[in-house]
Amino acid sequence: MAYAITKLVHFIGLISMVSFFIIYQRIIPGIRAATDMSQVRTWVDLLAGVRPTLPAGAILTLLSGLVMTGMRWRDKPYAFA
């Protein structure tokens, strides 16, 4: 059960990182197409709101991956088959 929960956290971290890159790819053309500073501020504010999802997702993915690795190595040491 703990492994399944850890795997869920791992996938949440992955989804967080992928969603950041998808939103980032949408924001940059919006900034380039902006015609005045109010439009640029709107896009930059959106980017500032989304920015924490990348490091949070990376930390979730890394830590949960290490925990899952530890769980599997603890159960079957040196078993590669």
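Where should you look for Met17? Select helix α1, because that is the place of Met17, helices being DSSP runs of H or I with at least four residues, strands being runs of E with at least two, and both numbered from the N terminus.

Before going on, some ground rules. This is a predicted model, in which local features need pLDDT of at least 70 and side-chain atom pairs count only at pLDDT 80 or more, while totals for chains, interfaces and linings use all residues. Residues are numbered from 1 along each chain as its sequence is written, and side-chain values use heavy atoms, with hydrogens and water left out.

**Stop 1: the whole chain**

Zoom out and show the cartoon. You'll find three helices and zero strands, and the order along the sequence reads α-α-α. The radius of gyration, taken over C-alpha atoms, is 19 Å, well over the 12 Å that the globule rule (2.2 Å times the number of residues to the power 0.38) gives for 81 residues, so the chain is more spread out than a compact globule. Along the principal axes, the C-alpha atoms fill a box of roughly 60 × 20 × 15 Å.

Now colour by pLDDT, the predictor's confidence in each residue on a scale from 0 to 100. The chain averages 90, and 91% of its residues reach 70 or more. Among the elements, α1 has the highest mean pLDDT (95), and helix α3 (residues 53-75) has the lowest (91).

Try a surface next. The accessible surface of the chain is about 6,300 Å² (Shrake-Rupley method, 1.4 Å probe; for residues, only the protein chains shown count as cover). Carbon and sulfur atoms hold 71% of that surface. Buried residues, meaning those under 20% relative accessible area, make up 20% of the 81 residues; exposed means over 50%, and partly exposed is in between (1.4 Å probe, protein chains only).

**Stop 2: Met17 and Ser16**

Go back to Met17 and show its side chain. Met17 counts as buried, at 18% relative accessibility. Which residues does Met17 touch, not counting residues up to four places away in sequence? Select Leu54, Gly57, Ala58 and Thr61, where contact means heavy atoms within 4.5 Å. For a distance check, pick the C-alpha atoms of Met17 and Leu46: they are 29 residues apart along the chain and separated by 16 Å.

Step back to Ser16, also found in helix α1. Ser16 counts as buried at 15% relative accessibility. With residues up to four places away in sequence left out, Ser16 touches Thr53 and Gly57.

**Stop 3: Thr61, seen from α3**

Cross over to Thr61, which lies in helix α3. Is Thr61 buried or exposed? Thr61 is buried, with a relative accessible area of 16%. Neighbours within four places in sequence aside, Thr61 is in contact with His10, Gly13, Leu14 and Met17.

Follow that contact to His10, found in helix α1. His10 touches Thr61, Ser64, Gly65 and Met68, again not counting residues up to four places away in sequence. His10 and Ala58 are 48 residues apart in sequence, yet 9.4 Å apart in space, C-alpha to C-alpha.

Ser19, in helix α1, makes another pair to try. From Ser19 to Leu54 is 8.6 Å, C-alpha to C-alpha, with their positions 35 residues apart in sequence. Ser19 is partly exposed, with a relative accessible area of 29%.

For the chain as a whole, among contacts between residues at least 6 apart in sequence, 74% join residues at least 24 apart.

**Stop 4: a surface patch**

Finally, select Phe11, Leu14, Ile15, Val18 and Ile22. Together they form a nonpolar patch on the surface, with about 470 Å² of accessible area. Patches take residues with over 30% relative accessible area and no salt bridge (a side-chain nitrogen of Lys or Arg within 4 Å of a carboxyl oxygen of Asp or Glu). Like charges are joined within 9 Å, and nonpolar side chains (Val, Leu, Ile, Met, Phe, Trp, Tyr) within 5 Å. Ile22 lies in helix α1 (residues 2-33).
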